[in-house]
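Q: Could you take me through one helix in this model that catches the eye, and then tell me how far the coordinates can be trusted? A connected account would be lovely.

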Amino acid sequence: MQLDSPLLLGYVVCVAGILGLVMGSFLNCLAWRMTHGESVLHGRSHCTSCGHVLGPRDLVPVLSWALSRGRCRYCGERVSWRYPATELFTAIVYVSLAVRYGLTLEMLELVAFASVLLVLSLTDLDEYLIPNATIVAAMLVRVAYIVAMGATGQADAMALLRDSLVGGVVVAVPILLLALVMDRVLGRESLGGGDVKLLFVAGLYFGWQQCLFLVVVACVLGLLLAVLGVNGGGDGDDPHLIPFGPSIALACWITMLVGGQVVTWYVGLFMG
Ligand SMILES: [Zn+2]
């Protein structure tokens, strides 16, 4: 369903924005728990410094942080700006996908995939780790989408599944080989195993044509982040180690928004 009336568009933007803020808060918490060995399902949100359980007043996205001037209300410890930043960023991602895809299955699929990408970006920034659970979650989202497309008669599920798998393999195998060669040449790990798995997942979603664009964008972003010296800011960070996951994740988002057009344009240059 296209968002052709301004009223509907405004409504969808508001809903996607609010949902994004709330989900951003939840995904942040999920990423934190994954890297700190806490149960993802059980236990209430608490201050990471004093352990005080947070009430409803402390859990309003962005506002709670702004009103308490970035400090815990109970112990006064600073709360990282990364929390409100993630919440705002998630809202921007949700709104952009809702506007780009309208009320479609594809929009639902990509919002779910983007949520997984946010979690693994945060864990990669903090611990240089892309948890296997996030890779599996991204694959399950893709499979659910394919099943739903088949069930609603919008696509041939088997053909879609086959194309997805081909995309994943065609993208991941050359990158895996390249990483192994670079490991040999550099004498250290060049590209983490998590990065290769993530690029396999990107291949499942976007196919190899769009992934050519995606990999170029990811490399440019990775270089940019390396130059800017962005790292997780966690304890004992090696300043020479830049996590590549967030760059791939950002490139995935850009591909969701413009990947199709870029490939059409590029192919058009040669078909003229
Ligand atoms: Zn506290």
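A: Happy to! The bend at a residue is the angle between two fitted axes, one for the seven residues ending there and one for the seven starting there. Helices here are DSSP runs of H or I with at least four residues, numbered from the N terminus. This is a predicted model, in which local features need pLDDT of at least 70 and side-chain atom pairs count only at pLDDT 80 or more, while totals for chains, interfaces and linings use all residues. Residues are numbered from 1 along each chain as its sequence is written.

Now to helix 7, which covers residues 193-228. Helix 7 has a kink of about 115°, and Gly 207 is at its centre. The end-to-end distance tells a matching story: helix 7 spans only 24 Å between its end C-alpha atoms, whereas a straight helix of 36 residues would span 52 Å at 1.5 Å a residue. That expected span is 1.5 Å times one less than the number of residues. Another glycine comes just after helix 7: Gly 229, with a positive phi of about 70°.

As for trust, pLDDT is the predictor's confidence in each residue, from 0 to 100. The protein has a mean pLDDT of 90, with 95% of its residues at 70 or more. Over residues 232-237, however, the pLDDT is below 50. Where pLDDT is low, the predicted coordinates should not be read in detail. Beyond near neighbours in sequence, the 232-237 stretch has seven contacts in the model (two residues are in contact if their C-beta atoms, placed from the backbone, lie within 7 Å).

Technical notes
Helices (H or I, at least four residues) and strands (E, at least two) are DSSP runs, numbered from the N terminus.
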